[in-house]
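Take a look at the two chains shown here. We will go from one small sheet to a bigger picture, step by step.

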Number of protein chains: 2
Amino acid sequence: MTDLADVLATVRDRVDPDPEERARLAAVVDRLTERVREALAELPVDARVLQVGSTARGTWLAGDRDIDLFVSFPTDLDRERLEQYGLEVGHAALPEGHEEYAEHPYVKGEFEGFEVDLVPCYDVESAAGIRSAVDRTPFHNAYLRDRLTDDLAADARLFKAFLKGVGAYGSDLKTRGFSGYLTELLVLEYGGFEAVVEAAADWHPPVRLDPESHGETEFDDPLVVVDPTDPNRNVAAVLSAENVARLQHYARELLERPRLELFEPREPTALSQTGVREHFDRRETAPVALVFDAPDVVDDQLYPQLRRSLDGVGSELERRGFAAVRSATFAADRAVLFLELAAAELPAVERHEGPPIHVRDHAEGFFEAYEDDEEVYGPFLDGDRYVVERERDYASAVEFLESDAVFDVALGAHVERVMERDGYEVLAGKAVAELATEFGEQFARYFDPRP
Amino acid sequence: MTDLADVLATVRDRVDPDPEERARLAAVVDRLTERVREALAELPVDARVLQVGSTARGTWLAGDRDIDLFVSFPTDLDRERLEQYGLEVGHAALPEGHEEYAEHPYVKGEFEGFEVDLVPCYDVESAAGIRSAVDRTPFHNAYLRDRLTDDLAADARLFKAFLKGVGAYGSDLKTRGFSGYLTELLVLEYGGFEAVVEAAADWHPPVRLDPESHGETEFDDPLVVVDPTDPNRNVAAVLSAENVARLQHYARELLERPRLELFEPREPTALSQTGVREHFDRRETAPVALVFDAPDVVDDQLYPQLRRSLDGVGSELERRGFAAVRSATFAADRAVLFLELAAAELPAVERHEGPPIHVRDHAEGFFEAYEDDEEVYGPFLDGDRYVVERERDYASAVEFLESDAVFDVALGAHVERVMERDGYEVLAGKAVAELATEFGEQFARYFDPRP
């Protein structure tokens, strides 16, 4: 039995940046800021350069090499000009950089071994007056910087390391986990890492925290942390119920059986085709998969679309009698909607209930519609209703998936476009295991699922 | 298009007994009554002889050859003596007769070509004071005899013929249809056959009728006809919702497309084994059947028990993932619980949901119960809950039916006894068609179901 204090001491050793790393980072940020200021001097506008993010607040994990610099332009600049100036400054400061796109385009590039994001924003007066989400970041940064003591910053690092270890860190829409800002706010609110963990272990969602006691809005989320800089925003809006539960599960694990591995992300060994086939054999399910080229969009668009598509296909299959034991979506160069069905073939007939006899108009309409239909069994009575057994549209899940009817379900827009334009492949049974060559690691997680 | 009046005239012709039949019946009843009186004269007790039933009220269908004579003993006679005297009189009047058992034993036998029931009862003062259900019959008889005019009696015959034609006549527990008494009360209440049919076509169950406006009890039945001789009894208690719906359906048919065949019971041609197999092929279902010797009990016990057993087996199969498209029970020398399943084989694993994470005690208990179990997949998170995929107890419906677990479901007591004592056979797939040699007619009705 390891002691919690020992485990945390070891993690602190790993994640606390040493003085040399801090000094080096500070020097790099200074040099970079200077380059940006020089580039700004060429422009007919005044702008401030702000360092934001975890490296600005001392909450980065040792070895992280991300620098976020925001260039804050006056609010009377029009948006087009802001984007143009932002990119000009970015390319001047980071000549090797490339453009990316969040709320507006910005430049990302390497500088002296660090990954730099150089993002233009508006210098608004308060977070309530923002023009785009990035304008909020400086307010978040200022709020935390004023309140995080060195001890609290150290505990924020611990909490981040823990959330990374258990797979709940990151507010991207693939993960739907805890953002850096949320992580630090929780440490601030509860007063330290252990306090957060003890509280989370006992949470009864929905949990609502409001550090500035100024919240004005009800939110329908399992965890609500009212943004200290904006009373109408839930900082945890993106967080899934599953990641709240994940934190709760591992918080209890940490308290009951403290161990280092909880701070170490799991990296499962990819399953081979044979490995996947062995699981199918053992589970005796009827696997099917829809495979298509991954739409060329950012992950924050891709994963929500894949999940929506999987939901759409899964519910329509279930409505048609093909219930899934479990399902998942994978993405790499190709994307996969994977469902393990209980049965891939069903009877040719299905029960179709009509109205109760006493609803005379409907009942007569139903009876007349089917009474001379040679294709159906019935109409007959079951209790007080008419029932027929009619031919199923699709007695085979694969036939359904290969048909145009699959486009009638709610697919993600880009997923639908790619499937329509470039086609898609339907795999069934053991053939699904072929996907292991591209998705071996995803299959490994699927067949060794943990909290 | 045939006219309703023409159809009814033809049916009247068929079912109205002619004067010769009436005279012959009256004479036979007189002679039989005399024999009963003679037998009674030998006994140290006074008793009345009453003719009851449809032949007593002129509501029998031409050709029916049932005579019901009740022997009404004084209420101070003890029950043992009543039974003894009843049987003595019965055997004296019907020397070829045999004993049957309803509420108490009675003698049934042939007399001059008629089927005679000779039933002892108590001469109670009112229907509220009855000692057994048979004591009520004389009151029913008197009530109707006083009110049924010749025209109403003729309409009661029409209604009976109609209910027989559509398969809804008979208050036995196999049919759960309309009793003779209920049929006649409805004609009396609505004022004639056509009035009943028009009303029934528009019924919105629950329908409550109370001819004597003296009802004191709420009943949870689709049709309630408060017994004119007993304010606490629903004459239609045995009637199933399906037979109410059946009357409604065929009432509309008769009004919209009057035709003689509605008065002619359907007698389907038995299906051969090949015929049954063809239906299985077309339907692509997974048929299974439990076959055992029919318990040696009267039909009024047998059919409720078979239905209860089928319900028990069907719901347990469904709970285990084996849903049925349809099911039925058949009885002859052997009895059958027959289910057409959507699938007879399921995956080896099944999803098993644990508690939500926030219910800490239960959640921890669930997690600990499974975390070291090599046989399960998980525990993992699905939303805010733990889930495992564990091995199904029965991945095959046949394995379940062949196992002792089948005795854990709610079977009828006699069914369970026979299955345990003498064993039972499980048939699956095409082999079920072998039952056509014994149950060809039942299969014919099953595969050509009508209202």
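Strand β6(A) pairs with strand β7 (residues 223-227) of chain A. The two run in the parallel sense, and 3 bridges hold the pairing. Look for L209(A): V225(A) in β7(A) stands opposite it. Keep in mind that this is a predicted model.

Now widen the view to the whole sheet. It is open, has 3 strands, and follows the order β6-β7-β8 in chain A. Its pairing is mixed. What does that word refer to? Strands of a sheet pair through backbone hydrogen bonds, either parallel or antiparallel. Which strands stand at the edges? They are β6 (207-209) and β8 (230-234) of chain A. Each has a single partner strand, so one side of each is left without a neighbour in the sheet. From one strand to the next, the twist averages 20 degrees.

Step back along the chain to the loop between α8 (193-201) and β6 of chain A. P206(A) lies there. The peptide bond from P205(A) to P206(A) is cis, with omega near 0 degrees. That deserves a second look, because most peptide bonds are trans. Chain B offers another case: the bond from G378(B) to P379(B) is cis, again with omega near 0 degrees. P379(B) sits in strand β13 of chain B.

Stay with chain B and find its open sheet of 5 strands. The order is β1-β2-β5-β4-β3, and the pairing is mixed. β1 (48-52) and β3 (98-101) of chain B are the edge strands. Each of them has a single partner strand, so one side of each is left without a neighbour in the sheet. Neighbouring strands are turned by 30 degrees against each other on average, direction ignored.

Inside this sheet, follow one pair. Strand β2 (residues 66-73) and strand β5 (residues 114-122) of chain B run parallel, joined by 8 bridges. D68(B) stands opposite D117(B) in β5(B). A helix joins the picture too. Helix α2 (residues 19-41) of chain B lies across β1, β2, β4 (105-111) and β5 of chain B. This helix runs at about 30 degrees to β2(B).

Next, visit the loop between β4 and β5 of chain B, the place of E112(B). E112(B) has a positive phi of about 50 degrees, although it is not a glycine. Most residues other than glycine have a negative phi.

E112(A) has a story of its own. Its side chain meets that of R31(A) in a salt bridge, at 2.7 Å from N to O. Side chains of opposite charge can pair when their charged atoms come close. This pair links distant parts of the chain, 81 residues apart. E112(A) is in the loop between β4 (105-111) and β5 (114-122) of chain A, while R31(A) is in helix α2 (residues 19-41) of chain A. Over all chains, the count comes to 76 salt bridges.

How do the two chains meet? 55 residues of chain B are in contact with 54 residues of chain A. Chain B and chain A bury about 4,500 Å² between them, and 53% of it is on carbon and sulfur atoms. Between the chains there are 10 salt bridges. One joins the side chains of E256(A) and R360(B), at 3.6 Å from N to O. Polar contacts also cross over: 26 residue pairs, both residues at pLDDT 80 or more.

Which parts of chain B supply at least two residues each to the side that touches chain A? They are α9 (241-256), α10 (273-283), β10 (324-331), β12 (349-356), α12 (360-370), β13 (377-382) and β14 (385-391). The largest share, 9 residues, comes from α9(B). By type, the residues of this side divide into 25 nonpolar, 8 polar and 22 charged.

Definitions and conventions:
Residues are numbered from 1 along each chain as its sequence is written. Chains are lettered from A and ligands numbered from 1 in the order in which they are written. This is a predicted model: local features need pLDDT of at least 70, side-chain atom pairs count only at pLDDT 80 or more; totals for chains, interfaces and linings use all residues. Side-chain values use heavy atoms; hydrogens and water are left out. Contact means heavy atoms within 4.5 Å. Buried area is the accessible area (1.4 Å probe) that two parts lose on being put together, summed over both. A salt bridge is a side-chain nitrogen of Lys or Arg within 4 Å of a carboxyl oxygen of Asp or Glu. A polar contact is a pair of N or O atoms within 3.5 Å; within protein, one must be able to donate a hydrogen and the other to accept it, and residues adjacent in sequence count only if both atoms are side-chain atoms. Helices (H or I, at least four residues) and strands (E, at least two) are DSSP runs, numbered from the N terminus. Ala, Val, Leu, Ile, Met, Phe, Trp, Tyr, Cys and Pro count as nonpolar, Asp, Glu, Lys and Arg as charged, and the others, Gly among them, as polar. Two strands pair if DSSP finds at least two bridges between them. Axes are lines fitted to C-alpha atoms, for helices over the stretch in contact, and angles run from 0 to 180 degrees between N-to-C directions.
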